[in-house]
Amino acid sequence: MTTKLDYTKAWTSAERYRPYGHYSEAYVAALETAVAASPYTNTYHIQPKSGLLNDPNGFSYFNHHYHLFYQVFPYGPVHGLKSWGLMTSTDLVHWIDQGIQLLPDTVYDSHGAYSGSALALSDDELFIFYTGNTRGADFSRAAFQNGAIYHPDGSLKKLDSPLLTTPQGFTQHFRDPMIFDYQEKKYAVIGAQTDQQEGAIMLAHATNDQLTSWAYDGQLHFTDANMGYMIECPNLVFLDQKAVLLFCPQGLEQTICDYQNIFPNMYVIADDLDVASTSLTNASPLHNLDDGFEVYATQAFNAPDGRALAISWLGLPDLDVPSQADGWQGILSLVKELTLKNGQLYQYPVAETLTLRQAQEKVILSAKTPVPVQSNSFELEVELTKDNELYLFANSDNTSHVSIKIELKNGKIELNRTNLPIKWSETYGLTRSTTCSTTANTVKLNLFVDRSSLEIFINEGEKVMSSRIFTASDQTFLFAKHELSATIWALKK
Ligand code: FRU
């Protein structure tokens, strides 16, 4: 008889960094079985087969396929020795699991193949730029920015030595190189912490066409405000001739830009990148990229078809979630297209997401009659009138649910998870809110519900609220405070 392992136990750091060879086939089989049986398993989102998934990495278009790597520790639902897993797709919604492709197996990445990016050099070579995390005998950290070449047959060759080491003036919290094309050259932005413990972003450029030689340009200036103690996962994309910088500041003062999550994912929009002065010209103030409960490490790139595509980790560092009891945590968002409308950033699931829609159903939601949904795996479209309230993930008498409310006075939209029987992450509050610019009396919502996630797109992407939702098994009904007609599409797995 096998006893179920306790996946919620605390892991020592020795356990987190154990070589993968330590884990027996029986251990992996038991873990995968526990994960497969998890009631929180999503149906149309990317999630790990086992263990922990965090940042999307290397999001790129290569050899006629989108490539989407991700951070993974496959042996438990905790941050341990990280590798890159890979999913490929031709349409950004149907993904094929290609397994783990980049392992922490050299002296320059012994304690984790950390986050990074990828860019196709040809149909045969995908250049991968990633951070190798290492620890010395005294557990002191050293970070290396490493290169690798990935081929369509699945072979991967790491470059022999790091492409960049940490420059003077910065600590070893230096990581997450994101490569991009700009004016016929290849650049990278890298997340950093200065010796004064301030969050920063470095700009670097390749000095040869093979991308095997790199040099620093300097620290990227985009604000006068103090960026907390660290910036992770910077990305620079270009939209309508504007430069949009996405990044994750840690320890940011809420007075600079208000947020409620442990760490925010933010952006600024600038007129351009000025390499000579290593600055973003005329950069806007900071904005939250997403006003939901769990979203981080968004990775974006300018795809060859002209779109700017983005995908997020629906999770946060240093946060426990209920699925850990089943041996896993972390999912990726839908793929979103980034656009600018009236100078504002919009995010909306890529058009291909429509191909997931199955039978359409028109329903009337009300306070009294529960509307059952077969499984919590659907898209819901509503025009929510101000002062109405929508209840999702509800039980049959609506005593537990997630609610979304729009206030008449100020167009404030509030997402509330107070009424859920399962609790997590309560320290950071049970409500999140956002506002939208609409002067009309209604707000259009497209809600993508999956078994343990909810992505809310407000007014076709003007604002986004992305969250994990963990409910009891009977919470499969919809209600509204005042009568409301809605359209539901079941979504393909
Ligand atoms: C962000 C992050 C990155 C790092 C990776 C390690 O979530 O901390 O800065 O490269 O995760 O998994």
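Here is a short chat about the ligand site and one sheet of this predicted model.

Mentor: Ground rules: it's a predicted model, where local features need pLDDT of at least 70, side-chain atom pairs count only at pLDDT 80 or more, and totals for chains, interfaces and linings use all residues. Residues are numbered from 1 along each chain as its sequence is written, and side-chain values use heavy atoms, with hydrogens and water left out.

Trainee: What makes Asp 176 a polar contact of the ligand?

Mentor: A polar contact is a pair of N or O atoms within 3.5 Å. An N or O atom in the Asp 176 side chain sits 2.5 Å from a ligand oxygen, so that pair qualifies. Glu 232 has such a pair at 2.9 Å. As for cover, the protein buries 92% of the 320 Å² that the ligand exposes when taken alone (Shrake-Rupley areas, 1.4 Å probe).

Trainee: Which elements give two or more residues to the shell around the ligand?

Mentor: Strands S1 (51-62), S5 (113-120), S10 (175-182) and S14 (230-239); strands are DSSP runs of E, at least two residues, numbered from the N terminus.

Trainee: How do you know that S14 and S15 pair?

Mentor: Pairing takes at least two DSSP bridges between two strands. Eight bridges join S14 to S15 (residues 242-250), running antiparallel, so they pair. One of the bridge partners is Leu 246 in S15, matched with Asn 235.

Trainee: Why is one side of S14 left without a neighbour in the sheet?

Mentor: The open sheet's order is S14-S15-S16-S19. S14 and S19 (287-288) stand at the edges, each with a single partner strand, so one side of each has no neighbour there.

Definitions and conventions: A polar contact is a pair of N or O atoms within 3.5 Å; within protein, one must be able to donate a hydrogen and the other to accept it, and residues adjacent in sequence count only if both atoms are side-chain atoms. Helices (H or I, at least four residues) and strands (E, at least two) are DSSP runs, numbered from the N terminus.
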